[in-house]
Amino acid sequence: MIRTRVTDLLGIAHPIIQGGMQWVGRAELAAAVSNAGGLGILTALTQPTPDELRREIERCRTMTDKPFGVNLTILPTMTPPPYADYRQAIIDGGVRIVETAGFKPQEHVDAFKAHGITVIHKCTAVRHAASAVRMGVDAISIDGFECAGHPGEDDIPGLILIPAAADAIDVPIIASGGFADGRGLAAALALGAEGITMGTRFCATVEAPIHDAIKQLLVDNDERATNLIFRSFRNTARVIRTPVSDEVVEVGGRPGAEFADVAHLVRGAGGREALETGRIEAGIVWGGLAQGLIRDVPTCAELIGRIVDQAESIIRGRLAAFVA
């Protein structure tokens, strides 16, 4: 058993957290991760309305009596969703753990903390982590350049970012980006983190609510099978390499390209269709470098169990053997 400040803070058995993934962070997956001793995460904006989020929280509660959380990602958009209403749905639902991410979370952090909710803030830079700590968050999830989704614009991999964050802040750090097995968990602990978040790896599990063809794609791919899109728009995102994301890279790299030139290729509805039907030509599919470490599609319980066993074996055996 691996006990850290993260397991104590969140009331979980193992320091493994499921990433808050759009269209994927539903009750089926979150409950399975929590039942296996990790922390499952519902993704608030996967639900089309705050009321549907309330129902999803209740549905998750019928599937697990273990702690689970909700991710609320705040992004600057022309027509932002009603973030305050989603926040209230989380509070009304009695959720005790929230992961915030994105743009200027202070008002949300304040509201959650006022209701005694534990707040983890996900960020991609040490300076942003330090700012979030000043806002009053309880833990930081630090995303290295290896991650799926938005790795920021600094391009700092976890090998540097994790210890740099550990040197700068004193709240517990959860490492994310590129984690898929016990070797990663042991490495994260050695670098100063006290747990890991996995997104891509949890997509390739039995309980992940996505099409089997996408799960098999993750198994078949290697660590080179991603594209960085939106680089020229200073909104870099890492996605699985597909004909659609290849086209986004090509079009977005043209002189004078604007986001409008690729908007039809990256619409959220297309990505959702790809996940639900397995048709990768429907839209972009998010995935990180951890694809190179995925070999099978286990249950969440099998995956978490073997990650913890492998990490314990490395810490007690291989690493201890190096010390004279």
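In this predicted model, the buried residues of helix α13 pack against β1 (16–18), α2 (27–35), α8 (182–191), β8 (196–198) and α9 (200–203). Helix α13 covers residues 300–321, and the briefing begins with this helix and the segment after it, before turning to salt bridges, to backbone angles and to two individual positions. The structure holds 24 salt bridges, of which a few are described below, among them one between Glu 276 and Arg 272.

**Helix α13 and the segment after it**

- The residues of α13 that are buried are Cys 300, Leu 303, Ile 304, Ile 307, Val 308, Ala 311, Glu 312 and Ile 314, and the elements against which these buried residues pack include the strands β1 (16–18) and β8 (196–198) as well as the helix α8 (182–191).
- Helix α13 has 22 residues, which at 1.5 Å a residue should span 32 Å, and this agrees with the 31 Å that separates its end C-alpha atoms.
- Helix α13 also bends, by about 35°, and the bend is placed at Ile 314, a residue that is itself listed among the buried ones of this helix.
- A nonpolar surface patch of about 390 Å² is made by Ile 315, Leu 319, Phe 322 and Val 323.
- Of these patch residues, Val 323 is found in the segment after α13, and Val 323 counts as exposed because its relative accessible area is 63%, where the cut-off for exposed is over 50%.

**Salt bridges**

- Arg 3 forms a salt bridge with Asp 8, in which the closest N and O atoms are 2.8 Å apart; Arg 3 is exposed at 64% relative accessibility, whereas Asp 8 is partly exposed, with a relative accessible area of 45%.
- Glu 276 and Arg 272 are joined by a salt bridge whose closest N and O atoms are 2.9 Å apart, and both residues lie in helix α12 (residues 268–277), four residues apart, which is about one turn of the helix.
- Both ends of that bridge within α12 are described by their accessibility: Glu 276 is partly exposed, with a relative accessible area of 44%, and Arg 272 is partly exposed at 31% relative accessibility.
- The side chains of Arg 279 and Glu 281 meet in a salt bridge with an N to O distance of 3.4 Å; Arg 279 counts as partly exposed at 36% relative accessibility, and Glu 281 counts as partly exposed at 49%.
- Elsewhere, Glu 28, Glu 56 and Arg 59 are joined into one network by salt bridges that share partners.

**Positive phi angles outside glycine**

- Lys 104 is a residue other than glycine with a positive phi, near 45°, and Lys 104 lies in the loop between β4 (97–102) and α5.
- At 63% relative accessibility, Lys 104 counts as exposed.
- Arg 234, although not a glycine, has a positive phi of about 55°, and the place of Arg 234 is in the loop between β9 (226–229) and β10 (237–240).
- With a relative accessible area of 60%, Arg 234 is exposed.

**Val 244 and its contacts**

- Val 244 is placed in helix α11 (residues 243–252), and Val 244 counts as buried because its relative accessibility is 9%, while buried means under 20%.
- Leaving aside residues up to four places away in sequence, Val 244 touches Leu 265, Ile 280, Glu 281, Gly 283 and Ile 284; one of these contacts, Glu 281, is also the salt-bridge partner of Arg 279.
- Val 244 and Asp 65 are 179 residues apart along the chain, and their C-alpha atoms are separated by 40 Å.

**Gly 116 in a loop**

- Gly 116 lies in the loop between α5 (106–114) and β5 (118–123), and at 47% relative accessibility Gly 116 counts as partly exposed.
- Between the C-alpha atoms of Gly 116 and Ile 91, which are 25 residues apart along the chain, the separation is 9.7 Å.

Key: Residues numbered from 1 in each chain as written. Predicted model: local features only at pLDDT ≥ 70, side-chain atom pairs only at ≥ 80, totals over all residues. Heavy atoms only, no water. Expected span 1.5 Å × (residues − 1). Bend = angle between axes of the 7 residues up to and from the residue. Buried < 20%, exposed > 50% of the residue type's maximum accessible area, 1.4 Å probe, protein only. Contact = heavy atoms within 4.5 Å. Patch = residues over 30% accessible without salt bridge, like charges linked within 9 Å, V, L, I, M, F, W, Y side chains within 5 Å. Areas by Shrake-Rupley, 256 points an atom, 1.4 Å probe, with all protein chains shown as cover. Salt bridge = Lys/Arg side-chain N within 4 Å of Asp/Glu carboxyl O.
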